[in-house]
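Please look over the briefing below, which goes with the sequence and the structure shown here. It takes the strands, the core and the backbone in turn.

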Amino acid sequence: MDRTKFLKTCGIGCLGMIGAATVLESCAGTKYISGTLSGSFLQVPVDSFVFIKKEEIRFRKYVVAQHEELAYPISVYRHSETEYVALLMKCTHQGTELQVFGDRLECPAHGSKFSNTGAVSNGPADTPLRTFPIVIDNKILKINLA
Ligand code: FES
C-alpha cells in the first residue's frame with residue numbers, strides 16, 4: 001500500500017469512529033420509555049426520570065414516551081417534582097417528527113426549534129407544539145391524549 005492510499009484509509013477510518021462516538025453519545029442522553037395505554041391515558045412511571053450518579057438520586061430533565069399506537073412519540077419534561085410538560089414530537093410546520101436535544105426540540109426538515117414548554121424559538125413553524133394535560137397518580141404520570 002502506498003503512502004497516499006494508507007493516509008486516505010486511516011482518515012476514513014478515523015472519521016467513522018468519530019461519527020460512531022457522536023451517535024452513541026447523543027443516544028446515551030435520551031431515555032426512551034414504552035408507555036402503557038389505558039383508555040385515553042398514556043401512563044409513564046415517575047421513576048422513569050430517576051437515575052443514580054455517585055450514589056445520589058438524580059432526575060432526568062426529560063424522557064421520550066412511545067407506544068405502537070401513537071404516530072409520534074411524546075417528550076415529557078420534568079420542570080419540578082409536581083410539574084411536568086408533555087409535548088407531541090410533531091413539527092407544527094409540516095408534520096416531521098422532531099428530535100430532542102436536552103431542553104430543546106428540533107425539526108430535521110427545515111430547522112424549526114421549540115423550547116421544553118413547546119414554544120416556537122425558531123421558524124419556519126409559527127405554532128407551539130401540542131401539549132397534553134398530565135395527572136400524577138400514585139407515582140404514575142397519566143398523560144391525557146384525548
Ligand atoms: S416540517 Fe418542521 S420545519 Fe418544516
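**Briefing**

In the hairpin formed by strand 4 and strand 5, two residues lie between the strands, and Lys54 takes a positive phi near 50 degrees. The model is predicted. Its secondary structure amounts to one helix and 15 strands, and 22% of the 146 residues count as buried.

**The hairpin of strands 4 and 5**

- Strand 4 (residues 50–53) and strand 5 (residues 56–59) run antiparallel and are joined by four bridges.
- Lys53 has Glu56 of strand 5 as its bridge partner.
- Lys54 sits in the loop between strand 4 and strand 5.
- Is Lys54 buried or exposed? Lys54 is exposed, because 5 other C-beta atoms lie within 10 Å, and a residue counts as exposed at 12 or fewer.

**The sheet 2-3-15-14**

- One open sheet has four strands in the order 2-3-15-14, paired antiparallel.
- Strand 2 (36–38) and strand 14 (134–137) are at the edges of this sheet; each has a single partner strand, so one side of each lacks a neighbour in the sheet.
- On average, neighbouring strands of this sheet are turned by 30 degrees against each other, direction ignored.
- Strand 2 and strand 3 run antiparallel, with three bridges between them.
- Leu37 has its bridge partner, Leu42, in strand 3.

**The sheet 9-10-11-12**

- Another open sheet of four strands has the order 9-10-11-12, and its pairing is antiparallel.
- Its edge strands are strand 9 (99–101) and strand 12 (120–122), each of which pairs on one side only.
- Neighbouring strands here are turned against each other by 30 degrees on average, direction ignored.
- Three bridges connect strand 9 with strand 10 (residues 104–106), and these two strands run antiparallel.
- The bridge partner of Val100 in strand 10 is Leu105.

**Strands 1, 6 and 7**

- Strand 6 is joined to strand 1 (residues 32–34) by three bridges, and the two run parallel.
- Ser34 is opposite Gln66, which belongs to strand 6.
- Strand 6 is also joined to strand 7, here by four bridges, and this pair runs antiparallel.
- Ala65 has Ile74 of strand 7 as its bridge partner.

**The nonpolar core and contacts**

- In soluble globular proteins, nonpolar side chains tend to be buried together.
- The largest nonpolar core here has 26 residues, and the members that touch the most others are Val44, Val63, Ala65, Ile74, Val76, Leu87 and Ile143.
- At least two residues of this core come from each of strand 3 (41–45), strand 6 (62–66), strand 7 (74–78), strand 8 (84–88) and strand 15 (140–144).
- Which strand gives the most to this core? Strand 8 does, with four residues.
- Leaving aside residues up to four places away in sequence, Leu87 touches Ile74, Ser75, Leu105, Gly118, Leu129 and Thr131.
- Ile74 and Leu87 are thus in contact, and both are among the core residues that touch the most other members.
- Leu105, another contact of Leu87, is the bridge partner of Val100.
- Across the protein, 41% of contacts between residues at least 6 apart in sequence join residues at least 24 apart.

**Backbone exceptions**

- Most residues other than glycine have a negative phi, and most peptide bonds are trans.
- Lys54 departs from this with its phi near 50 degrees, a positive value in a residue other than glycine.
- Lys139 also has a positive phi, near 65 degrees, and is likewise a residue other than glycine.
- Lys139 lies in the loop between strand 14 and strand 15.
- Lys139 counts as exposed because 8 C-beta neighbours lie inside 10 Å, and the limit for exposed is 12 or fewer.
- Where in the chain is the peptide bond that is cis, with omega near 20 degrees? That bond runs from Gly123 to Pro124.
- Pro124 belongs to the loop between strand 12 and strand 13 (131–132).

Terms used. Residues numbered from 1 in each chain as written. Predicted model: local features only at pLDDT ≥ 70, side-chain atom pairs only at ≥ 80, totals over all residues. Pairing = 2+ DSSP bridges. Axes fitted to C-alpha atoms, helices over the stretch in contact; angles between N-to-C directions. Buried ≥ 20, exposed ≤ 12 C-beta atoms within 10 Å, placed from the backbone. Contact = placed C-beta atoms within 7 Å. Core = buried A, V, L, I, M, F, W, Y, C linked by C-beta atoms within 7 Å.
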